[in-house]
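Trainee: I should like to learn how to read a protein model, feature by feature. May we go through one together?

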Amino acid sequence: MNIDYGEKIPNNVDLSGDKTLQRALEHWQPGFLDWWSEMGPEGSQGFDVYLRTAVSVHPSGWTHYDHVRMPEYRWGIFLNPAQADRTIGFGDHKGEPVWQDVPGEYRANLRRIIVTQGDTEPASVEQQRHLGLTCPSQYDLRNLFQVNVEEGRHLWAMVYLLHRHFGRDGREEAEALLQRRSGDADNARILGAFNEKTPDWLSFFMFTYFTDRDGKYQLCALTESAFDPLARTTRFMLMEEAHHMYVGESGVARIIQRTCEVMQEHKTDDPAALRRLGVVDLPTLQRYINFHYSVTLDLFGADVSSNAATFYSTGLKGRFEEGRIQDDHLLKEQTYPVLQVVQGKLITAQAPALNALNEKLRDDYIKDSLAGVMRWNKVIRRSGLEFRLSLPHKGFNRQIGALAGVKIFPNGQVVSAAQWNAQERDWLPTPEDRAHVQSLMGRVVEPGKFANWIAPPDKGINKQSVDFQYVRFN
Ligand SMILES: [Fe+2]
Ligand SMILES: [Fe+2]
């Protein structure tokens, strides 16, 4: 179970036992490192960063913290241990042993699932590559880099599966993962949210709270997969994902904390005044929530989807916590509620449960997202202020599925295009909002110092103090 760091590619999959595969991945490795130096965190090449590195996939001791020179981070291939006698938990193959190899008839769909997941990993690194230049503290800079190196490792996780199980087309897909670029008009990343910009730290924290959480739900669904190598590798990725969401939730909470302090100190809730005082006013923060949440909801795909049904029935992708759900795990007879707009009104219709699995996963995600917003509101309540943050209606600002193109206010009211246009500025970040947030961004790197617009965290990383030297700039 321990990871061999003596190898060129650290791994716990006995890579040296398969020389052809090892050579193929060692051939891909320089391309990955070139991609990292071209598209990875800007200006970080000489930094020693206090990073955690997996040394074992055993839950009790998989993390090891030390200062690591950034480009020398040891990206590798780590699968959770195989579970003996694991059987398929859902779909037409329910009860049969899980697969160690890809069944020919599911090859194309599995490859598509793995490539789509794999594509998001380098995309987020590309989206975040300039943020280090405007970090609000060393602590935050370290967290950014931790997220970035782990997303790089998640790419390795998917590329291993492609090389190991998909032959020549797998190798071609692995190359293409290094070629696409977030936001590139000619060769964009596959999914919409991963082509948006992450231009400032408020966007970064929103992204890691909302969009990394989409990652959690997609990975959870894949941990149920009948294709055991996919299940095992996504299980390990989830352990890393938890920290990314923590960075997002605590980052937003610290911004709220700081804004509330300034509101109290100056006895004002006037956004213009708060902007002059150098913090993010809460209505702007709400608009950022609305944007990142709605863009992320689209990542779950169409509400009614025959692909989703196929992926489930064939055992490729399960539901969130499939094993805990009390039903037949076949879903041939059941229905599931989905939203539709009929004659200008939102109604709940029943779709075949198999076809509504994207919607089901989206609903699980929504519950989880809401819990964090409630915790953010606690920060505001503790400051004695009335303002409350919320999640907009599920149909707000959607571009994919039955609600795409329908204009729906955050409160769920279906409106005309004219009504929408008249109020869009209240619901989504305006150019002025973005310019204000951008104007706050500056580089703070003295240990223990924080930018004016964000409160320090309660505690440091790995029991280190908040003013610990997380990054040595050399
Ligand atoms: Fe990831
Ligand atoms: Fe992540």
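**Reading the model step by step**

Mentor: Leu 385 lies in the loop that links helix H10 (357-382) to helix H11 (417-427). Please bear in mind throughout that this is a predicted model.

Trainee: Is Leu 385 buried, exposed or partly exposed, and why?

Mentor: One counts the C-beta atoms around the residue; a residue is buried if 20 or more others lie within 10 Å, and exposed if 12 or fewer do. Leu 385 has 17 such neighbours inside 10 Å, and therefore counts as partly exposed.

Trainee: Which residues does Leu 385 touch, if those up to four places away in sequence are not counted?

Mentor: Leu 385 touches Cys 260, Met 263 and Ile 380. With Met 263, the separation in sequence is 122 residues, while the C-alpha atoms are 8.7 Å apart in space.

Trainee: Where does Asn 462 lie, and how is such a loop residue described?

Mentor: Asn 462 belongs to the loop between helix H12 (431-440) and strand S5 (471-472). Asn 462 is partly exposed because 13 C-beta neighbours fall inside 10 Å. Its C-alpha atom is separated by 7.6 Å from that of Tyr 65, although the two residues are 397 residues apart along the chain.

Trainee: Let us turn to helices. How does one describe two that pack together?

Mentor: Two packed helices are described by the angle between their axes and by the distance between those axes. Take helix H5 (residues 201-223) and helix H8 (residues 282-298): their axes are 9 Å apart, and the packing angle is about 30 degrees. Angles under 35 degrees count as roughly parallel, so H5 and H8 are roughly parallel to each other. H5 passes H8 in a right-handed crossing.

Trainee: Which residues of H5 and H8 meet?

Mentor: From H5 come Leu 202, Ser 203, Met 206, Phe 207, Phe 210, Thr 211 and Asp 214; from H8 come Tyr 288, Ile 289, His 292, Tyr 293 and Thr 296. Sorted by character, the residues of this contact are 7 nonpolar, 4 polar and 1 charged.

Trainee: At what angle do the axes of H2 and H4 cross?

Mentor: The axes of helix H2 (residues 107-127) and helix H4 (residues 167-179) cross at roughly 25 degrees and come within 10 Å. H2 is therefore roughly parallel to H4. The crossing of H2 past H4 is right-handed. H2 contributes Arg 111, Val 115, Gly 118, Asp 119 and Pro 122, and H4 contributes Asp 169, Glu 173 and Leu 177. This contact divides into 3 nonpolar, 1 polar and 4 charged residues.

Trainee: What does Arg 111 touch, leaving out residues up to four places away in sequence?

Mentor: Arg 111 touches Phe 166, Asp 169 and Glu 173. Arg 111 counts as partly exposed because 18 other C-beta atoms lie within 10 Å. Arg 111 and Leu 161 are 50 residues apart in sequence, with 9.0 Å between their C-alpha atoms.

Trainee: How are H2 and H3 arranged?

Mentor: Their axes come within 8 Å and cross at roughly 155 degrees. Angles over 145 degrees count as roughly antiparallel, and H2 is therefore roughly antiparallel to H3. The crossing of H2 and H3 is left-handed. Residues in the contact include Ile 114, Gly 118 and Val 125 of H2, and Gly 152, Leu 155 and Val 159 of H3. The contact comprises 8 nonpolar, 6 polar and 2 charged residues.

Trainee: What should one know about nonpolar cores?

Mentor: In soluble globular proteins, nonpolar side chains tend to be buried together. In this model, the largest nonpolar core has 119 residues, of which Val 159, Met 206 and Ile 256 touch the most other members. Helix H3 (residues 138-165) supplies the largest share of this core, 14 residues. Apart from neighbours within four places in sequence, Val 159 is in contact with Trp 28, Gly 118, Ala 174 and Leu 177.

Trainee: Finally, what sign does phi have in most residues other than glycine?

Mentor: Most residues other than glycine have a negative phi. Asp 14, however, has a positive phi of about 50 degrees. Asp 14 is found in the segment before helix H1 (19-39), and is exposed because 9 other C-beta atoms lie within 10 Å. His 329 also has a positive phi, of about 60 degrees. His 329 is in the loop between helix H9 (306-313) and strand S3 (335-342). With 18 C-beta neighbours inside 10 Å, His 329 counts as partly exposed.

Definitions and conventions:
Residues are numbered from 1 along each chain as its sequence is written. Chains are lettered from A and ligands numbered from 1 in the order in which they are written. This is a predicted model: local features need pLDDT of at least 70, side-chain atom pairs count only at pLDDT 80 or more; totals for chains, interfaces and linings use all residues. Helices (H or I, at least four residues) and strands (E, at least two) are DSSP runs, numbered from the N terminus. Axes are lines fitted to C-alpha atoms, for helices over the stretch in contact, and angles run from 0 to 180 degrees between N-to-C directions. Angles under 35 degrees count as roughly parallel, over 145 as roughly antiparallel, 65 to 115 as roughly perpendicular and the rest as oblique. A crossing is left-handed if the near helix is turned anticlockwise from the far one by less than a right angle, and right-handed if clockwise. Two residues are in contact if their C-beta atoms, placed from the backbone, lie within 7 Å. Ala, Val, Leu, Ile, Met, Phe, Trp, Tyr, Cys and Pro count as nonpolar, Asp, Glu, Lys and Arg as charged, and the others, Gly among them, as polar. A nonpolar core is a set of buried Ala, Val, Leu, Ile, Met, Phe, Trp, Tyr and Cys residues joined through C-beta atoms within 7 Å.
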